[in-house]
Amino acid sequence: MADTQEIKETLWKKMADSPYLMVGKADGSSHSEPLMAQLDKDLVDTLFFFTGKDNRLADGGAVMAQFVSKGHDYFACLAGTIRQDNDKAMIDKLWSKQVEAWFPQGKEDPNLALLRMDIDSAELWETDISLTGRVKMLFGGTITADESSSHAKVSTTAA
């Protein structure tokens, strides 16, 4: 089993390739919605999202986020707390052409909100189906655990 730092680095590499997650309130009071994460290598236990101040997540609270990698071989369920963090320096650091497309008035758009999600815990699954497992998928058969995936739980609050 990989150590916690290695697990976090793998997640970050996968998210850098495809930074889209489904994010919703942990209490289930509303549906999850797709958001593009802004990644900061200096804050590996934190995700940032640009949204409107009228977004259903903008009032903050406990959230769950689900991630599926571009190759559909890596999955993550992240739990944490989200809040507005409209720090101008962080907005400048994370701003991109993709974000600008959603906010016609740029960084000064009155509806712009930078949401910060501090990750408390995560469950991660990595699938690397063996050649034998792939043949079984094509022609039928039971794939055993050692032919399919690994699973890890990570908590940023645990020692």
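The following exchange goes through a predicted model of one protein chain and asks what stands behind each label.

Reader: What makes up the secondary structure of the protein chain?
Author: The chain has 4 helices and 7 strands. From the N terminus, their order is α-β-β-β-β-β-α-α-β-α-β.

Reader: How much of the chain counts as buried, and how much surface does the chain expose?
Author: Of its 159 residues, 40% count as buried. The exposed surface is about 9300 Å², with 53% supplied by carbon and sulfur atoms.

Reader: What share of the contacts with a separation of 6 or more comes from residues 24 or more positions apart?
Author: Such residues account for 68% of those contacts.

Reader: Why is the pair of lysine 8 and aspartate 45 called a salt bridge?
Author: The cut-off is 4 Å between a Lys or Arg side-chain nitrogen and a carboxyl oxygen of Asp or Glu. The closest N and O atoms of lysine 8 and aspartate 45 are 3.0 Å apart. That is within 4 Å, so the pair is a salt bridge. By this rule the count comes to 10 salt bridges.

Reader: Which parts does the pair of lysine 8 and aspartate 45 tie together?
Author: Lysine 8 lies in helix 1, residues 4-17. Aspartate 45 sits in the loop between strand 2 (33-36) and strand 3 (46-52). The two parts are 37 residues apart in sequence, so the pair ties them together.

Reader: Is lysine 8 buried or exposed, and how do you know?
Author: Buried means under 20% relative accessible area. Lysine 8 has 16%, so lysine 8 is buried. Aspartate 45, at 25%, is not under 20% and not over 50%, so aspartate 45 is partly exposed.

Reader: What makes aspartate 42 and lysine 93 a salt bridge?
Author: Their closest N and O atoms are 2.9 Å apart. The limit is 4 Å, so the pair passes. This pair links distant parts of the chain, 51 residues apart: aspartate 42 in the loop between strand 2 and strand 3, lysine 93 in helix 2 (residues 88-94).

Reader: Why is aspartate 42 called exposed?
Author: Its relative accessible area is 62%, and exposed means over 50%, so the label holds. Lysine 93 has 45%, which falls between the two cut-offs, so lysine 93 is partly exposed.

Reader: What is the N to O distance in the bridge of lysine 107 and aspartate 92, and where do they lie?
Author: The distance is 3.1 Å, N to O. Lysine 107 is in the loop between helix 3 (97-100) and strand 6 (112-127), and aspartate 92 is in helix 2, 15 residues apart. Lysine 107 has 32% relative accessibility and counts as partly exposed. Aspartate 92 has 46% and is also partly exposed.

Reader: Which residues do salt bridges with shared partners join into one network?
Author: Asp40, Asp42 and Lys93.

Reader: How do you know that helix 1 has the span expected?
Author: Helix 1 has 14 residues and reaches 20 Å from first C-alpha to last. At 1.5 Å a residue, 20 Å is expected, and the two values are close.

Reader: What puts the buried residues of helix 1 on the same side?
Author: The buried residues are Ile7, Lys8, Leu11, Trp12, Lys14 and Met15. They cover an arc of only 165° around the axis, so they lie on the same side of helix 1. The face turned away from the buried side carries the exposed residues Lys13, Ala16 and Asp17.

Reader: Why are strand 3 and strand 6 called paired?
Author: Pairing needs at least two bridges, and 7 join strand 3 to strand 6, so the two strands pair. They run antiparallel. Phenylalanine 49 stands opposite leucine 115 in strand 6.

Reader: How many bridges does strand 5 share with strand 6 and with strand 4?
Author: Strand 5 (residues 74-84) pairs with strand 6 over 11 bridges, in the antiparallel sense. Here alanine 76 stands opposite leucine 124, and tyrosine 74 opposite glutamate 126. Strand 4 (residues 61-68) is joined to strand 5 by 8 bridges, also antiparallel. Glutamine 66 has cysteine 77 of strand 5 as its bridge partner.

Reader: Which residue takes a positive phi in the hairpin of strand 4 and strand 5?
Author: Histidine 72, with phi near 55°. The hairpin has 5 residues between the strands.

Conventions:
Residues numbered from 1 in each chain as written. Predicted model: local features only at pLDDT ≥ 70, side-chain atom pairs only at ≥ 80, totals over all residues. Heavy atoms only, no water. Buried < 20%, exposed > 50% of the residue type's maximum accessible area, 1.4 Å probe, protein only. Contact = heavy atoms within 4.5 Å. Areas by Shrake-Rupley, 256 points an atom, 1.4 Å probe, with all protein chains shown as cover. Expected span 1.5 Å × (residues − 1). Arc of directions from axis to C-beta.
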